[in-house]
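Hi everyone, thanks for coming. I'd like to walk you through one structure today, so please have a look at it first.

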Amino acid sequence: MQNQKDIDYIVVGAGSAGAIVASRLSEDPNCEVLLVEYGGGDGSVFVRMPSALGIPMNSKKYNWGFETAPEPYLDNRRMNCPRGKVIGGTSSINGMVYVRGNAADFDQWEEQGASGWNYQNCLPYFKKFEHHQCRDTDYTGNEGPVAISDGNNMRNPLYRAFIDAGVEAGYGETQDYNGYRQEGFGQKFMNVDRGIRASTGYSYLKAAKKRSNLTILKHALVTRVVFEGKTATGIECKIGAKIQIYNAKKEVILSAGAIGSPQLLQVSGIGPRKTLEAAGIDLRHELPGVGENLQDHLEFNFQYRCKQPISLNSELGLFKKGLIGVRWLLFKTGLGRTNHFEACAFIRSRAGVKSPDIQYHFLPGAITYDGSVAVKGHGFQVHVGHNKPTSRGYVRARSGDLSEHPEILFNYLETETDRQGFRDCVHLTREIMQQAAMDEFRGEVIQPTDKVQTDEQIDAFVRASVDSAYHPCGTCKIGVDEMAVVDSELRVQGIERLRVIDASVFPTIPNGNLNAPTMMLAERGADMVKGAALLSSLEVPVYIDENWQTRQRAGIAGS
């Protein structure tokens, strides 16, 4: 075992949050920062090329490869839970979809005890990191490091048909679902910079790593946090066959994600007494909420055959894939520069729901997420999910060895509320896809078939068909109740000089993809660590249907 020199701040995990925190802290040249990452570099063409997203997501080199215990409400299926193991973390293997969430989601955080984390306080930090290439409004940022673009600007006519179908169904069109109005159908944006994946590694560390006061340590597994009493003093990590200790003069910051951060706390002796006893770990500090409150989004694909030969299914042969790759390598243009999710929607499941709780991603092809299995012939699909789940799960260490994957159970669809949400997804999506705008494209339905009608049939289809949207969060939540793990400044309750800054601190899951709110949280958290004055609240209006209590969509009373 070797002891290393003292450092001011140690950041564990170079992912969606950790790369930002380390970059911002190292802006002070008098501050020594160590960023520790178990994975390697993010320079691979498969990481950088947007349309190749399925490759790193399914690669052991870039993915921790977590898997759940049998999910009791999903026919005991074990579900994949991919997490990034690479510079940029999950932002280097995700779908690059840029969605902040609904304004009401952040107000809900504050209502549940996350003081100061309301929408108007969070908005300036969204704007701080954004370099929006498509919109310039009071809601967008244009000077930040993270590019937000439109892929190929919906060149395929299927995108426009999907949006028009939503308008015909009475939902309306939104020009920016991240701005004034989330509710409705519109163009989708992505984290792609001139054809290159704009991960946090690419957007922040490419420049920050040149600073002499920032050390990025790759291929290092942090095995525990080191303490003196109840003060964090550093980390122990394994590099090859060696165990090394790094000391932090100011703080240790965990940014290992919704699975990694609670596991690291637990193997370090912080967590629920029963969980630690079962794993044979000595209790240092009892915090019952560590690893609990686990949440995620589920989704399934509505698939149709396409009557016109215009879908992505014609581009999946090896020769055409090769041409796409060559064009991207040479010019960063063509189908290689997009994640192909260029149209979307956010709607409310029923009257009485105040803000959207259903999300759509439209894809002009009928294919699995990783591109491995496609429908023969032409097709298209819309990914749909009920995005405000009430079911809760957990992450629990099995032993004191961090290299042993923890037990993960989401308890997907445990509650009747969640099951009803997916029944609503089926009924509402069928209505949308039957609108006239889709007539010239919509062929035979592939799934779910028209035979799936009753609640029991829908429930059975959903149990067998849903996949995770890969949005775990909530396992170290901000709050003031007995299950809270961190306070509103992201400090671990009862422990000195230790914070958690990543999606694990979300009290509840936002209605959208989680990379954007994680980046926002990291930017705001970095200012908290610095002791800097927080950016001033921005008082801007946000859309809520004035008749939300009595109608499910604008313009259709009582529906």
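What follows is a short tour of some annotated positions, a few buried residues, one helix and a cavity. Please keep in mind that this is a predicted model.

Let's begin with what the record says. UniProt, in an unreviewed entry, puts the feature "binding site" at Val86, Thr90, Asn94, Gly95, Met96, Val97 and Val222. These positions span 137 residues of sequence, and they are spread in space as well, with C-alpha atoms up to 29.4 Å apart.

I picked two of them to look at. Valine 97 sits in the loop that runs between strand S4 (80-81) and helix H4 (103-111). Is valine 97 buried or exposed? Its relative accessible area is 5%, and because the cut-off for buried is under 20%, valine 97 counts as buried. Beyond its neighbours within four places in sequence, valine 97 is in contact with Lys188, Phe189, Asn191, Asn339, Phe341, His361 and Asn513.

The other one is valine 222, which belongs to strand S11 (residues 221-228). Valine 222 is buried too, at 5% relative accessibility. Setting aside residues up to four places away in sequence, valine 222 touches Val12, Val36, Ile235, Glu236, Cys237, Leu264 and Leu402.

The same kind of record gives us a domain. Under "domain: Glucose-methanol-choline oxidoreductase N-terminal", again from an unreviewed entry, UniProt lists residues 84-107 and 257-271. In the model, residues 84-107 are 21% helix and 0% strand, with the end C-alpha atoms 29 Å apart. For residues 257-271 the figures are 73% helix and 13% strand, and the ends lie 16 Å apart, C-alpha to C-alpha.

That brings me to proline 472. You'll find proline 472 in the loop between strand S24 (467-468) and strand S25 (498-500). Which residue lies 214 residues from proline 472 in sequence but 5.9 Å away in space, C-alpha to C-alpha? The partner is alanine 258. Proline 472 is buried, at 3% relative accessibility. Its contacts, leaving out neighbours within four places, include Cys81, Arg83, Ala258, Ile259, Leu294 and Asp296.

Asp296 turns up again when we look for empty space inside the model. There are 3 cavities of 30 Å³ or more, and I'd like to show you the second largest. This cavity has a volume of about 100 Å³. Its lining is made of 13 residues, and those nearest the centre are Asp296, Pro389, Tyr412, Leu413 and Asp418. By type, the lining of the second largest cavity has 7 nonpolar, 4 polar and 2 charged residues.

Now for two side chains with polar groups. Threonine 174 is placed in the loop between helix H6 (157-168) and strand S7 (184-187), and at 5% relative accessibility threonine 174 is buried. Where do its polar side-chain atoms point us? One lies 2.5 Å from the backbone oxygen of arginine 181, and the backbone nitrogen of aspartate 176 is 3.4 Å from a polar atom of the threonine 174 side chain. Not counting residues up to four places away, threonine 174 touches Arg181, Gln182, Glu183, Gly184, Phe185 and Gly186.

Asparagine 152 is in the loop between strand S6 (146-148) and H6. Asparagine 152 is buried, with 9% relative accessible area. A polar atom of the asparagine 152 side chain lies 3.1 Å from the backbone oxygen of glycine 334. Glycine 334 is also among the contacts of asparagine 152 outside four places in sequence, together with Leu335, Arg337, Thr338 and Glu342.

Next, a helix. How many of the 9 residues of helix H7 (residues 200-208) are buried? The count is 7, so helix H7 is largely enclosed by the rest of the structure. The buried residues in H7 are Thr200, Gly201, Tyr202, Ser203, Tyr204, Leu205 and Ala208.

My last stop is valine 375, in the loop between strand S19 (358-363) and strand S20 (379-386). Valine 375 has a relative accessible area of 16% and is buried. Leucine 402, which we met as a contact of valine 222, is 27 residues along the chain from valine 375, with 40 Å between their C-alpha atoms. Outside four places in sequence, valine 375 is in contact with Gln303, Arg305, Asn313, Ala366 and Ile446.

That's my tour, and thank you for listening.

Definitions and conventions
Residues numbered from 1 in each chain as written. Predicted model: local features only at pLDDT ≥ 70, side-chain atom pairs only at ≥ 80, totals over all residues. Heavy atoms only, no water. 1 Å grid on protein atoms, 1.4 Å probe; cavity = no way out; pocket = protein on both sides within 12 Å on 5 of 7 lines; lining within 4 Å. Points joined across faces, edges and corners; volume = space filled by probe spheres on them. Nonpolar A, V, L, I, M, F, W, Y, C, P; charged D, E, K, R; others polar. Helix = DSSP H or I, 4+ residues; strand = E, 2+ residues; numbered from the N terminus. Buried < 20%, exposed > 50% of the residue type's maximum accessible area, 1.4 Å probe, protein only. Polar contact = N/O pair within 3.5 Å; in protein donor to acceptor, adjacent residues only side chain to side chain. Contact = heavy atoms within 4.5 Å. UniProt positions renumbered as here; feature names shortened; annotations may be inferred.
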